[in-house]
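Biologist: Could you take a close look at the aromatic pairs, and say how each one is arranged and where its rings lie?

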Amino acid sequence: MTPRDDSESSGPRRSRWSDLDRPPLNAAAVRRALVREGSLWRQVDVVQRTGSTNSDLVARAAAGGGLREGVVLVAEEQSAARGRLDRKWVAPARSGLFFSVSLRPGDAGVPMERWGWLPLLTGVAVAAGLARAGGVDTALKWPNDVLVTVGGEERKAGGILAEAAGDGGVVVGVGVNVSLRADELPVPTAGSLALAGAVSTDRDPLLRAVLRGLEEWYGRWRAAGGDAGACGLQEAYAAGCATLGRRVRAELPGDRALVGEAVAVDGDGRLILATEAGVQEPVGAGDIVHLRAAG
């Protein structure tokens, strides 16, 4: 949904920069908290508006000199944000966390076949950070959605997108609806931290908590050579994954679909479905539709 034009509303006219419920991020404070000796995060930039933070970092990686690991780009507003399958993600200015980070797991010797864990790893960090700093229960939908509960219903409040960037790099983008109000939802099935009853929607501590969690999990995973089982990531993801234990439909490339119970996430980050034919099928890519509640 595009930002509301206040000139067309019946209430007092209000600039998009005057919403007191949505103060700007304190870029200097975020840098002081995150950019330090020995930290993964080497540079944190906050821009008022851009098309897509992911596209911006991917473009930097393609330019001369490449893109070093640990760069964070945060936007107060995005005009052309993308989710998986090039789906649009548009939200009012300063209503959420919209950022991308540059990672270079290959430099640490992590085999490329294990890089598929990066969106799941980021999901674990995002869910834990939002719960810790926002006081809101979250869950993960395989492979890249962050869920909250609004009025007893499960809703998507965030998404994660990983893209190859230059030679040996990956850019991981995160979008989370923080203060989005009911009349601003892009679709009825969307949600936000505010609508889920978060005790805090202050984006500064939320951003710091998510990036600290990402630094911790990425460091553990990288030190284990990308072995999600050895570093505890596989277990942590399974514990927070709302998809497991559900009957789901996997909409696969090539207009194929597979229905079964989601029983596990394997060592490669694939979702394992137990089908009615009595076989277990791994799903490495595709859209997942939850067909019944867990339990």
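Modeller: What follows describes the aromatic pairs, after a short note on the model and the chain. This is a predicted model, in which local features need pLDDT of at least 70 and side-chain atom pairs count only at pLDDT 80 or more, while totals for chains, interfaces and linings use all residues. Residues are numbered from 1 along each chain as its sequence is written, and side-chain values use heavy atoms, with hydrogens and water left out.

The chain has 5 helices and 14 strands, where helices (H or I, at least four residues) and strands (E, at least two) are DSSP runs numbered from the N terminus. Of its 295 residues, 49% are buried, and buried means under 20% relative accessible area, against over 50% for exposed and in between for partly exposed, with a 1.4 Å probe and protein chains only. Among contacts (heavy atoms within 4.5 Å) between residues at least 6 apart in sequence, 65% join residues at least 24 apart.

A pair of aromatic rings is described by the distance of the centres and the angle of the planes. Rings of Phe, Tyr and Trp (for Trp, its six-membered ring) pair if their centres lie within 6.5 Å, and planes under 30 degrees apart count as stacked, over 60 as edge-to-face and the rest as tilted. By this rule the chain has 2 aromatic pairs.

One of them joins Trp-117 and Tyr-237, which stand edge-to-face, at 6.4 Å centre to centre and with 85 degrees between the planes. This pair links distant parts of the chain, since Trp-117 belongs to the loop between strand S5 (96-103) and helix H3 (118-134), whereas Tyr-237 is in helix H5 (residues 233-240), 120 residues apart. Trp-117 and Tyr-237 are buried.

Tyr-218 and Trp-221 have ring centres 6.0 Å apart and planes at 35 degrees, so this pair is tilted. Both residues lie in helix H4 (residues 203-223), where a spacing of 3 residues is about one turn of the helix. Tyr-218 is buried, as is Trp-221.

One further ring deserves a mention. The charged end of Arg-220 sits over the ring of Trp-217, 4.2 Å from its centre, and a charge is taken to sit over a ring if NZ of Lys or CZ of Arg is within 6 Å of the ring centre and within 35 degrees of the ring normal.
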